[in-house]
Amino acid sequence: MNKTVKILIECVLLVAIVGLVYVFYSSIMEPINFNKEKARRETVAIQRLKDIRTLQVAYKSVNGKFTSTVDSLKNFYENGEMAVVMQIGSADDSLAMAHTDAIKKARRKITNEELYKLYLAGDKNLVFSIEHKLAVKDTLFNDRPDFCIDSLKYIPFSGGTPVTMEAITKQVSGVQVPLFEAKMAYRDLLKGLDNQLRINLDAERRDQNRYEGLQVGSITAPNNNAGNWE
């Protein structure tokens, strides 16, 4: 065997070894990278489902039922109002309690609305609560500068696939109970990732009798609006 052939064989072997190492490394890293990206996407999706739940609960407090469309939640957020209880003073403040009781005894039919007028007029030594109606958008998500009502409708990373949502009223133990659920399937949430790993994930969830994705609430079994990640 001459020197040239020997060098050629060594080069071929080196390339083969590098290729095998790459294939082996990829086979190890692919599931790791998949799970890492899955976790990242789930974090975004879970926050969106939590926001849907927050709006659904607020919507029900006003309308007595949940809604089946995110568009209705958007309209509620942008144009609706909800009652908020404002607590003035503290029951632990004995002087303020005595002062408030004295006013109530002197004016037996005084309402909390009238007490509130006294409070606004300058009497800060009062203890009472009063219900106000405030705009939903001025009440919810004020601590969330990144909140975007327009994105609530869509599954993140899906390219525009809408969230699946349903709402019904179901009889449970003889009582009519409003229920809702909102879902994001993994096939949409994990779009663009390794498809076989996603298929395996779906199969594993089905074997465990679990939904193949993220879900909040349930229209088949009351679960106190819990998420399946909780």
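## Threonine 111, partly exposed

A residue counts as buried under 20% relative accessible area, as exposed over 50%, and as partly exposed in between. Threonine 111 comes out at 32% relative accessibility, so it falls into the partly exposed class. Keep in mind that this is a predicted model.

Where does threonine 111 lie? It is in the loop between α3 (94–106) and α4 (112–121). Take phenylalanine 128 as a reference point: threonine 111 is 17 residues from it in sequence, and their C-alpha atoms are 9.8 Å apart in space.

## Helix α6 and its ends

Helix α6 runs over residues 195–207, and its length checks out: 13 residues at 1.5 Å a residue should span 18 Å, which agrees with the 18 Å between its end C-alpha atoms. The buried residues here are Arg198, Leu201, Asp202 and Arg205. Because they cover an arc of only 100° around the axis, they sit on the same side of α6.

Now for the ends. At the N-terminal one, aspartate 194 acts as the cap, with a side-chain oxygen 3.1 Å from the backbone nitrogen of glutamine 196. After α6 comes asparagine 209, which has a positive phi, near 60°.

## Aromatic pairs and a cluster

Searching the whole structure turns up seven aromatic pairs. One of them is tyrosine 77 with phenylalanine 147, an edge-to-face pair at 5.3 Å centre to centre with 65° between the planes. This pair ties together distant parts of the chain, 70 residues apart: tyrosine 77 belongs to helix α2 (residues 70–79), while phenylalanine 147 is in the loop between β2 (128–135) and β3 (164–172). Tyrosine 77 and phenylalanine 147 are both buried.

How are the rings of phenylalanine 141 and phenylalanine 147 arranged? Their centres are 4.0 Å apart and their planes meet at 15°; planes under 30 degrees apart count as stacked, so this pair is stacked. Phenylalanine 141 is buried, just as phenylalanine 147 is. Put the pieces together and Tyr77, Phe141 and Phe147 make up one aromatic cluster.

## Lysines over tyrosine rings

Two lysines are worth a look here. Lysine 124 has its charged end over the ring of tyrosine 119, 4.0 Å from the ring centre. The ring of tyrosine 211 has the charged end of lysine 183 sitting over it, 4.8 Å from its centre.

Technical notes:
Residues are numbered from 1 along each chain as its sequence is written. This is a predicted model: local features need pLDDT of at least 70, side-chain atom pairs count only at pLDDT 80 or more; totals for chains, interfaces and linings use all residues. Side-chain values use heavy atoms; hydrogens and water are left out. Helices (H or I, at least four residues) and strands (E, at least two) are DSSP runs, numbered from the N terminus. The expected span of a helix is 1.5 Å times one less than its number of residues. Buried means under 20% relative accessible area, exposed over 50%, partly exposed in between (1.4 Å probe, protein chains only). The arc is that of the directions from the helix axis to the C-beta atoms. A polar contact is a pair of N or O atoms within 3.5 Å; within protein, one must be able to donate a hydrogen and the other to accept it, and residues adjacent in sequence count only if both atoms are side-chain atoms. Rings of Phe, Tyr and Trp (its six-membered ring) pair if their centres lie within 6.5 Å; planes under 30 degrees apart count as stacked, over 60 as edge-to-face and the rest as tilted. A charge sits over a ring if NZ of Lys or CZ of Arg is within 6 Å of the ring centre and within 35 degrees of the ring normal.
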